[in-house]
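Here is a short briefing to read alongside the model. Have the sequence and the 3D view open, and let us walk through the helix packing together.

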Amino acid sequence: MAKNKTFKTVDEQINLILERNIKIDNPKSVKIDLLKYNYFNIMNGNVTLFLKQKTPKIFRKNINFRLFKKIMILDQKILRKHSVS
């Protein structure tokens with residue numbers, strides 16, 4: 001059964017990213033990205049790529065939010081290129 005999660009504001013989502021020791025170079029840009037793409041699409045789809053340990057979630061050192069966004073965009077490009085018309 002899916003776990004019910006409480007709504008988090010964009011600022012709370014940014015704090016969650018920072019709590020996980022993921023670097024943010026430009027908080028304003030991250031805020032725009034979260035509003036445009038949403039947290040799940042950017043972070044959760046690719047989270048396992050950057051985990052050092054799954055439980056509790058511990059990320060590798062020097063991981064930056066930009067990496068998550070770049071992978072999400074690459075994934076979208078690949079899906080568009082290979083989608084069935």
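Before we look at crossings, a word on terms: an axis here is a line fitted to C-alpha atoms, for helices over the stretch in contact, and angles run from 0 to 180 degrees between N-to-C directions. With that in hand, the axes of H2 and helix H4 (residues 65-82) come within 12 Å and cross at roughly 30°. Please keep in mind that this is a predicted model.

**Overall layout**
- The protein chain has four helices and two strands.
- Read from the N terminus, its elements follow the order α-α-α-β-β-α.
- Along the principal axes, a box of roughly 40 × 30 × 30 Å holds the C-alpha atoms of the protein chain.

**H2 against H4**
- The crossing of H2 with H4 is left-handed.
- On the H2 side, the contact is made by Val 30, Asp 33, Leu 34 and Tyr 37, which meet Phe 65, Lys 69, Met 72, Ile 73 and Gln 76 in H4.
- Sorted by class, the residues of this contact are six nonpolar, one polar and two charged.

**H1 against H2**
- Helix H1 (residues 10-19) and helix H2 (residues 27-37) have axes that come within 10 Å and cross at roughly 115°.
- This crossing of H1 and H2 is right-handed.
- From H1, Val 10, Asp 11, Gln 13, Ile 14 and Ile 17 take part, and they meet Pro 27, Val 30, Lys 31, Leu 34 and Leu 35 in H2.
- Seven nonpolar, one polar and two charged residues make up the contact of H1 with H2.
- Val 30 and Leu 34 of H2 appear in the contact with H1 and also in the contact with H4.

**Salt bridges**
- There are three salt bridges in the structure.
- One of them joins the side chains of Asp 11 and Lys 31, at 3.1 Å from N to O.
- Because Asp 11 belongs to helix H1 and Lys 31 to helix H2, this pair ties together parts that are 20 residues apart in sequence.
- Asp 11 and Lys 31 are also listed among the residues where H1 and H2 meet.

**The largest pocket**
- The largest pocket encloses about 370 Å³ of space.
- Its lining is formed by Lys 3, Lys 5, Thr 6, Phe 7, Lys 8, Gln 13, Leu 16, Arg 20, Tyr 39, Asn 44 and Lys 57.
- By class, that lining comprises three nonpolar, three polar and five charged residues.
- Gln 13 is a handy landmark: it is one of the residues lining the largest pocket, and it takes part in the contact of H1 with H2.

Conventions. Residues numbered from 1 in each chain as written. Predicted model: local features only at pLDDT ≥ 70, side-chain atom pairs only at ≥ 80, totals over all residues. Heavy atoms only, no water. 1 Å grid on protein atoms, 1.4 Å probe; cavity = no way out; pocket = protein on both sides within 12 Å on 5 of 7 lines; lining within 4 Å. Points joined across faces, edges and corners; volume = space filled by probe spheres on them. Nonpolar A, V, L, I, M, F, W, Y, C, P; charged D, E, K, R; others polar. Left-handed = near helix turned anticlockwise from the far one by under 90°. Contact = heavy atoms within 4.5 Å. Salt bridge = Lys/Arg side-chain N within 4 Å of Asp/Glu carboxyl O.
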